[in-house]
Amino acid sequence: MRRLKTRVLMAAAIALPLAPLLAVAAPAAAPFAFDATPGRLPKTVVPVSYSVGIVPDIDALTFSGTESVRLQFRSATDTLVLNSLNEILHDVRLDGRPVKSVTTDDSQQLTTITLAAAAPAALHTLTFAYTGKIEQQPHGLFAQSYSVAGGGSELLLSTQMEDTDARRMFPCWDEPAFRARFQLTATVPAGWTALSNMPVATRVVHGALATVTFQRTPNMPSYLIEFSAGDLAQIGAASSGVRFGIWAVRGREQEGRVALANAQQILADYNDYFGYRYPLPKLDSIAIPGSGGAMENWGAITYNENLLLLTPGSTTGDRQEVYSVQAHEMAHQWSGDLVTMGWWDDIWLNESFASWRAAKETDARNPGWKWWEREDVTKEQAMRADARVSSHAIQQHVSDELQADNAFDPEITYDKGEAVLRMFEAYLGEHTFRDGIRRYLKAHAFSNATTADLWNALSAVSHRNIGEIAGDWTTQPGFPLVTVSAGCDAAGARTIALSQRRFLLRGADPHDAKWRIPLQLRSGVGGTRRSVLFTHDGQKLAAGRCDEPLSVNADAIGFYRSSYDQATFGVNLKNFSALADADRIVLLDDQWALVESDTQPLATYLTLASAMASSLDTRAWEQIAAALAAIEYDERGTPGHQAYAEFARSIIQPVADRLGWDARPDETPDVQLLRRTLLGDLGAWGDAGVIGEARRRFDAFVTDRASLRPDDRDEILSIVMLGADAATFEQVHTMAKQADDEVELERYYSALTDVRDPQLAAEAARIAVSSELPPQAARLRFAMVMGIAAHHQQLAWSTLSDHADTLLSPFPGFAPLIIAQYVPVAFWDGVPLEQLEAWVRSHVPDEMSDNVDRGMESARFQLSEKATLVPAVDGYLRSLSSAAQATQPAQLP
Ligand SMILES: [Zn+2]
């Protein structure tokens, strides 16, 4: 599943982190065994197959249903316990005979059925009728309204079941180990299209309605059920023995052309890689307006419209996001759907694996995108989150599925896990790792698995004990800082001694954690990468020659930081421009983190940044621009701000000059991204020439929308809107109101929040909570308020606290995590921390105390970093200026 667009979260995560409690690590995992799997439902009665029929009453937002479940009683019992929510069951029978009693407890989301007498261990059939509720947010069966071109609005039905919401559509054994086969029937308006996991088996029209029955699914968990119905249309194709459909609200299906080609390419590649053919007859991809994320329902993946459809206004970044999200959801068709984690403790198996496999696929098929450099952005976000004392392990104990939502911590569950898998792939070798994955999938197909099952498969193919090494990374929080001390012999040969400790931005590790670390070592420019397992402090390794640059995290593959002795750092600095891109990137990432953690002086980082000159290494520049921007934020309102802004501009000016304003036909997307990033920062840091040129281009755009390429629009808008007056604001506001797809809606409404002018910011805040936004853009409200927070903390805070329900209701399930972990990071600078923490705690359930600790640790870190960075940078600039004066020719008196 992909819950939130990264952008929405990142808008929240303006800067970063600090705090206390350790999450309880999951117990050392054992191989999957149904009886040992956690959960609240008794395992005496197990569903084998369901037949579910629903008849929605869309006007009333209710539905009536009938259900028949074939059950295996594993021992004699008179009690059945299953999940239900907001449903009323009646006419409940077992094998045709009425049961003794039915008790439903919505607070526990359970229904208990008591039989007149115990039924023997055997197959039995449970039947009942029931009524339920159509939701208005994406959990369970929900109605989504959307505005249509030419005015008016329409409505469609769709579902979102993960983690625990299938029970809202039909009473069921709603835990992932209770796999069964499902046959769904639905009665909908005859003009509608109805979709589900499997193809339509029969469709009978009766008057204004049609009753559609889908083929029975393979054995699968309930959270993967999908049902959508509405005025939908498709484009389709067949390849690899599979029928592909890209579905959208009628009139928009052609915008799925790229997605249709992507899906066929990705599926063919995955069939090959996994060594297991996609087992369903069809794979539909369904664009749902306003749903926000994407969900890997087997055979019927749902996406928010702008994660699947591409319009003339879409950017290269949108294309990349569509590809990588498709690659993620399609990887789940194997990891998640074919083989499912036994319990929510191991949700990382689904998510990290899908993220890692998607990155690998996106990189392989789009070499010009330099995709692993894009992924370095998310790896850094994960390391920042994981550098908190209060961080948690990848595998975390989930005692009750109602708390499973909290296990979807994007930085750890998705991004750290992805990085750890990549690190182990590099350690074992690509082919051995793939063979282990194949072995794992084959052994657990149509069943469930645990983390131990994955490690055992990898150990079997590699003849190494992977579980032991990998457990260091998945069962304890945090990651190490590797310290490197080099010694040279008389001939200049280098030997390095390694040591490690947990890396934290602030505070001390209460557990003195250690890791077995798969290092990737490279000595010398253009040297080959060597894999070494670092197992104990003081370990010594031969590492090339002392006059050669050295990386102990070659190609930025590892999830750890490195610190070099002064002499080795000096050699790396001297060779900085000749390093492999990824080695340069990881050096910048690490050095900045060492500065932030107060273990290295700021000058060491700024010296590296200054050594970039006019090199075109996009991710390295992006790293530098982000660090410079973080300092710029802290400098705002201080006497040193102007001098600092000039300095920051001087670092990026040479490469900006080299790139100019206009894309050249032979440029790769990353170079174009670099240009936009640098121009945006120059504009934000007050470069009058850049601001003037952006204004000129904006004015041309107002009269001729074709004058700006979609890729360039966001950057021009952001520069112009920073200094916007009321007339400019209104011009962009009009563009927002005229936008008719989600890409454009997001672009123009987000741009309104960039303004520095307080009155215009207040107007943007008013718009964010107004009824002006169309229904499919409800999720944009929260992103807008986070955008306002970048320049107007109090305004954004009062808007959030006054309208929290409106802003967060489009994120059911995920809202508490947003409040606990992201709101403190967004408001550390504008709201007293005690007040902030009290508000956050009062808006999340008590059991999310650890999450609040993480958010508040980040907020406290930001505050303390500001106190350190501002004098450090002012001092650095003074030293530069006195050094410059010292080199002036001496004046005679
Ligand atoms: Zn996912």
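**Exercise 1. Find the residue that stands opposite Arg203 in β14, then place the pair in its strand network.**

Solution. Start with the pair itself: Arg203 faces Val212 of β14. This is a predicted model, so please read every value below as computed from predicted coordinates. Next, look at the two strands. β13 covers residues 200-206 and runs antiparallel to β14, with 6 bridges joining them. The connection between β13 and β14 is a hairpin with 2 residues between the strands, and Gly207 in the turn has a positive phi of about 65°.

Now step to the other neighbour. β14 (residues 209-214) also pairs with β11, in the antiparallel sense, over 5 bridges. You can check the register here with Val188, whose bridge partner in β14 is Ala210. Finally, follow β11 (residues 181-189) to strand β1 (residues 45-57): these two pair in the parallel sense over 6 bridges. For this pairing, use Ser51, whose bridge partner in β11 is Gln183.

**Exercise 2. Work out which strands stand at the edges of the open sheet that contains β16 and β19.**

Solution. First write down the order of the 5 strands, which is β16-β17-β18-β20-β19, with mixed pairing. Then count partners: β16 (232-239) and β19 (294-295) each have a single partner strand, so these two are the edges, and one side of each lacks a neighbour in the sheet. Last, look at the β19 end in detail. β19 pairs with β20 (residues 300-304) in the antiparallel sense over 2 bridges, and Ala294 has Tyr303 as its bridge partner in β20.

**Exercise 3. Decide whether Val690 is buried or exposed, and list what it touches.**

Solution. Begin with the location: Val690 belongs to helix α16, residues 688-703. Its relative accessibility is 7%, and the cut-off for buried is under 20%, so Val690 counts as buried. Leaving aside residues up to four places away in sequence, Val690 touches Trp661, Leu679, Leu682, Gly683 and Ile719. For a sense of distance, take Ala201: the two C-alpha atoms are 61 Å apart, and the residues are 489 apart in sequence.

**Exercise 4. Examine the backbone at Gln109, Phe446 and the Glu162–Asp163 bond.**

Solution. Take Gln109 to begin with. Its phi is positive, about 55°, although Gln109 is not a glycine. Gln109 sits in the loop between β6 (101-105) and β7 (110-119), and at 14% relative accessibility it counts as buried.

Phe446 is another non-glycine residue with a positive phi, about 60°. Its loop links α7 (430-444) and β22 (447-449). At 29% relative accessibility, Phe446 counts as partly exposed.

Then turn to the peptide bond: Glu162 and Asp163 are joined in the cis form, with omega about 5°. Asp163 lies in the loop between β10 (153-160) and β11.

**Exercise 5. Judge how compact the protein is for its 893 residues.**

Solution. Start from the inventory of 26 helices and 29 strands. The radius of gyration is 28 Å, close to the 29 Å from the globule rule, so the protein is as compact as a globular protein of that length. Add the extents: the C-alpha trace spans about 110 × 65 × 55 Å along its principal axes. Then consider burial, which applies to 61% of the residues. Of the contacts between residues at least 6 apart in sequence, 71% join residues at least 24 apart.

To finish, turn to the surface and the charges. About 31,100 Å² is exposed, with carbon and sulfur atoms supplying 53% of it. The 78 positive and 110 negative charges have mean positions 5 Å apart.

Conventions: Residues numbered from 1 in each chain as written. Predicted model: local features only at pLDDT ≥ 70, side-chain atom pairs only at ≥ 80, totals over all residues. Heavy atoms only, no water. Helix = DSSP H or I, 4+ residues; strand = E, 2+ residues; numbered from the N terminus. Rg over C-alpha atoms; globule rule 2.2 N^0.38 Å. Buried < 20%, exposed > 50% of the residue type's maximum accessible area, 1.4 Å probe, protein only. Contact = heavy atoms within 4.5 Å. Areas by Shrake-Rupley, 256 points an atom, 1.4 Å probe, with all protein chains shown as cover. Lys, Arg positive; Asp, Glu negative; His and termini not counted. Charge placed at Lys NZ, Arg CZ, Asp CG, Glu CD. Pairing = 2+ DSSP bridges.
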